[in-house]
Amino acid sequence: MHISRRNLFKYAAAGSAAVGLAALSGTTSVANAGSLGTLLDYSAGVPSAHAIRAGGYAGAIRYVSDRRSDANWMIGKPVRADEVNALTAAGLQVVSCYQLGKGATADWREKYDGGRRHAARGLQLHREAGGPEGVPIYASIDDNPSPWETANLVRPYLEGWASVIGNQNLGIYGNTKVIDAMIGAGIGTWFWQHNWGSTGVHPRAHLHQFEIDKRQVDGVGVDLNAILAVNYGQWSMAGSPIPGVSFGSVLPALPPLPPLPLGSIGL
């Protein structure tokens, strides 16, 4: 898909605070080379929007899922409307993701019916936080499943999700093998890669989680995620006709946007 340079600037300005964010905040953005910037994800607490912006980050991937009953430390789940309002007022981006169980209680082990149940709850929490229609929720495959598990558990689980929110709004958090398998099956439209069991960076990934549990923002442990596409499912791009074309495959990297007066962006 061809995107003109003019439209790319328009989409980047409207929907991705990553480009030029460092110039806006007066800090150095923490990002992988060639990415459009960095998003945080976190569940142990809620960093302030000011601290996220001051760190040079573009925004956050936030959980529209409940905390596990055995994980009282997950006070950052689920995302709330007041947090979203603070993020957006600071010019930061918001993306929705979902994960309740892990390991032996992983959501994907519940197959199709579990996918439908988790999707319904995720959609409810997404809407309660102010999430718009027409953006993805990334369902988590936070594992390195075997080929048999991928075919017989992961696939039906994600098919359950797609039956509730629509395949066009289904995001998948997984490794390169899971992403490959789901693309081959025509399941999911948005892809957020983690490194457990991955080989390289998948060319269809919109986001790439490249660092886990190595730093804190505002006293909260965070993970770092490289933005790899202009449209990666952020709420501010709801209804966009481009479901995330890999930036590097369309145009060479653009120079940073010039800084704007701080008074014009509402800190």
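Here are a few exercises, with worked solutions, on a predicted model.

**Exercise 1. Salt bridges across the chain**

Find how many salt bridges the whole structure holds, then work out which parts of the chain Asp 66 and Arg 121 tie together.

Step 1. Run the search over the whole structure, and you get nine salt bridges.

Step 2. Pick out Asp 66 and Arg 121: their side chains meet in one of these, at 2.8 Å from N to O. The two residues sit 55 apart along the chain, with Asp 66 in the loop between strand E2 (59-63) and helix H4 (81-89) and Arg 121 in helix H5 (residues 111-128). So this one links distant parts of the chain.

Step 3. Now check how open the partners are. Asp 66 has a relative accessible area of 24%, and Arg 121 comes in at 27%. Buried would need under 20% and exposed over 50%, so Asp 66 is partly exposed, and Arg 121 is partly exposed too.

**Exercise 2. Two neighbours, two bridges**

Arg 109 and Glu 110 each form a salt bridge; find the partner of Arg 109 and that of Glu 110.

Step 1. Start with Arg 109, whose side chain meets that of Glu 149 at 3.7 Å, N to O. Distant parts of the chain are linked here as well: Arg 109 is in the loop between strand E3 (93-98) and H5, Glu 149 is in helix H6 (residues 147-165), and 40 residues separate them. The cut-off is 4 Å, so the pair at 3.7 Å counts.

Step 2. Move on to Glu 110, which bridges to Arg 117, with the closest N and O atoms 2.1 Å apart.

Step 3. Look at accessibility. Arg 109 is partly exposed at 35%, Glu 110 is partly exposed at 31%, and Arg 117 is partly exposed at 48%.

**Exercise 3. Strand order around E4**

Work out which strands pair with E4, and how the chain crosses over between them.

Step 1. Take E3 first: three bridges join E3 to E4, and the two run parallel. Tyr 98 stands opposite Ala 139 in E4.

Step 2. On to E5, which pairs with E4 over four bridges, again in the parallel sense. Here Ile 137 has Leu 170 in E5 as its bridge partner.

Step 3. Follow the connections. E3, H5 and E4 form a right-handed β-α-β unit, and E4, H6 and E5 form a right-handed one as well.

Step 4. Finish with the side chains of E4 (residues 137-140): Ile 137 and Ala 139 point one way, Tyr 138 and Ser 140 point the other way, and all are buried.

**Exercise 4. Around Ile 172**

Decide whether Ile 172 is buried or exposed, and say which residues surround it.

Step 1. Locate Ile 172: it belongs to strand E5 (residues 170-174).

Step 2. Its relative accessibility is 0%, so Ile 172 counts as buried.

Step 3. List contacts, skipping neighbours within four places in sequence. Among them are Tyr 138, Ala 139, Leu 158, Met 182 and Phe 191. For Phe 191, the C-alpha atoms lie 5.0 Å apart, although 19 residues separate the pair in sequence.

**Exercise 5. The largest pocket**

Describe the largest pocket and find which strand gives the most to its lining.

Step 1. Its volume is about 490 Å³.

Step 2. The lining has 27 residues, and Tyr 63, Asp 142, Ile 212, Asp 213 and Asp 223 lie nearest the centre.

Step 3. Strand E7 (207-217) and strand E8 (220-227) each supply at least two lining residues, but E7 gives the most, with five.

Key: Residues are numbered from 1 along each chain as its sequence is written. This is a predicted model: local features need pLDDT of at least 70, side-chain atom pairs count only at pLDDT 80 or more; totals for chains, interfaces and linings use all residues. Side-chain values use heavy atoms; hydrogens and water are left out. Buried means under 20% relative accessible area, exposed over 50%, partly exposed in between (1.4 Å probe, protein chains only). Contact means heavy atoms within 4.5 Å. Two strands pair if DSSP finds at least two bridges between them. A crossover is right-handed if, with the strands pointing away from the viewer, the path from the first strand over the helix to the second runs clockwise. On a 1 Å grid over the protein atoms alone, a cavity is a set of points where a 1.4 Å probe fits but cannot get out, and a pocket is an open set with protein on both sides within 12 Å along at least five of seven lines; lining residues have an atom within 4 Å of a point. Grid points are joined across faces, edges and corners, and a volume is the space filled by probe spheres set on the points.
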